[in-house]
Amino acid sequence: MDIDVRGPRFGAAVTTVVLAAVLVTASAWLLAWQTLAFALGAAGGVGRSPYGWLFRTAVRPRLGPPTEFEPPEPPRFAQAVGLLFASLGLVGYTLGPEWLGLTATGVALAAAFLNAVFGYCLGCEAFLLLRRVTVRAE
């Protein structure tokens with residue numbers, strides 16, 4: 001079943017704020033929260049993430065009905081990519097080196113920002129590219 005495209009964009013906006021705060025504060029705890037949010041989104045889909053729940057319960061009821069939908073698989077893959085970078089960042093912030101934490105968090109922030117502001121999901125595009133490559137390989 002396709003999902004409302006506004007949900008993942010809302011999640012990306014919240015993620016952008018959280019990851020920017022991580023870079024400003026170097027808070028491993030805050031990055032751990034974001035890593036958990038990515039893990040829940042990757043495991044159960046974006047609707048199962050905390051930001052998906054917030055969108056569904058607090059934001060979507062105040063909006064008009066959705067006019068655009070997308071398949072859930074690309075955003076779910078994007079959550080898994082975010083989980084990878086957030087996990088690397090968490091390792092960097094907790095065990096070192098610090099540049100790993102800064103770099104991985106910065107990459108995740110850039111991807112979230114692109115989705116939140118421009119509606120361009122890097123993880124979704126990577127999913128579609130991988131799917132095309134694997135279909136051609138078969």
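The expected span of a helix is 1.5 Å times one less than its number of residues. Keep that in mind for the helices I will show. The model is a predicted one.

I start with helix H2, residues 28-44. H2 has 17 residues, so at 1.5 Å a residue the expected span is 24 Å, and the C-alpha atoms at its ends are 24 Å apart, in agreement. Which residues of H2 are buried? They are Leu-31, Gln-34, Thr-35, Ala-37, Phe-38, Gly-41 and Ala-42. Viewed down the axis of H2, these buried residues fall within an arc of 160 degrees, so they line one face of the helix. The face turned away from that buried side carries Trp-29 and Ala-43, which are exposed. As for partners, the buried residues of H2 pack against four helices: H1 (6-25), H3 (50-59), H4 (73-94) and H5 (98-118). Just after H2 comes Gly-45, with a positive phi of about 95 degrees.

One residue of H2 in more detail: Gln-34, which lies in that helix. Its relative accessibility is 0%, and since buried means under 20%, Gln-34 counts as buried. Leaving aside residues up to four places away in sequence, Gln-34 touches Thr-15, Val-18, Leu-19 and Tyr-51.

Next, helix H4. H4 has 22 residues and reaches 31 Å from first C-alpha to last, close to the 32 Å expected at 1.5 Å a residue. Its buried residues are Pro-74, Pro-75, Ala-78, Gln-79, Gly-82, Ala-86, Gly-89, Leu-90, Gly-92 and Tyr-93. Those residues cover an arc of only 150 degrees around the axis, which puts them on the same side of H4. What covers the buried residues of H4? The cover includes strand S1 (3-4), H1, H2, strand S2 (69-70), H5 and H6. Just after H4, Gly-96 has a positive phi of about 95 degrees.

Also in H4 is Glu-73. With 42% relative accessibility, Glu-73 counts as partly exposed. The C-alpha atoms of Glu-73 and Leu-128 are separated by 9.5 Å, although the two residues are 55 residues apart along the chain.

Now the charged pairs. How many salt bridges does a search of the whole structure find? The search finds 2. In one of them, Asp-4 pairs with Arg-6, and the closest N and O atoms are 2.8 Å apart. Asp-4 counts as buried, at 7% relative accessibility, while Arg-6 is partly exposed, with a relative accessible area of 26%. Asp-4 also forms a salt bridge with Arg-60, where the closest N and O atoms are 3.5 Å apart. Arg-60 sits in the loop between H3 and S2 and Asp-4 in strand S1, so this pair ties together parts that are 56 residues apart in sequence. Arg-60 is partly exposed, with a relative accessible area of 33%. Asp-4, Arg-6 and Arg-60 are thus linked in a network of salt bridges.

Last, the surface. Phe-113, Val-117, Phe-118, Tyr-120 and Leu-122 form a nonpolar patch there, with about 490 Å² of accessible area together. Which element gives the most to the nonpolar patch? That is H5, with 3 residues. Leu-122, another member of the patch, lies in helix H6, residues 122-137. Leu-122 is partly exposed, with a relative accessible area of 39%.

Notes:
Residues are numbered from 1 along each chain as its sequence is written. This is a predicted model: local features need pLDDT of at least 70, side-chain atom pairs count only at pLDDT 80 or more; totals for chains, interfaces and linings use all residues. Side-chain values use heavy atoms; hydrogens and water are left out. Helices (H or I, at least four residues) and strands (E, at least two) are DSSP runs, numbered from the N terminus. Buried means under 20% relative accessible area, exposed over 50%, partly exposed in between (1.4 Å probe, protein chains only). The arc is that of the directions from the helix axis to the C-beta atoms. Contact means heavy atoms within 4.5 Å. Patches are made of residues with over 30% relative accessible area and no salt bridge: like charges are joined within 9 Å, nonpolar side chains (Val, Leu, Ile, Met, Phe, Trp, Tyr) within 5 Å. Accessible areas come from the Shrake-Rupley method with a 1.4 Å probe; for residues, only the protein chains shown count as cover. A salt bridge is a side-chain nitrogen of Lys or Arg within 4 Å of a carboxyl oxygen of Asp or Glu.
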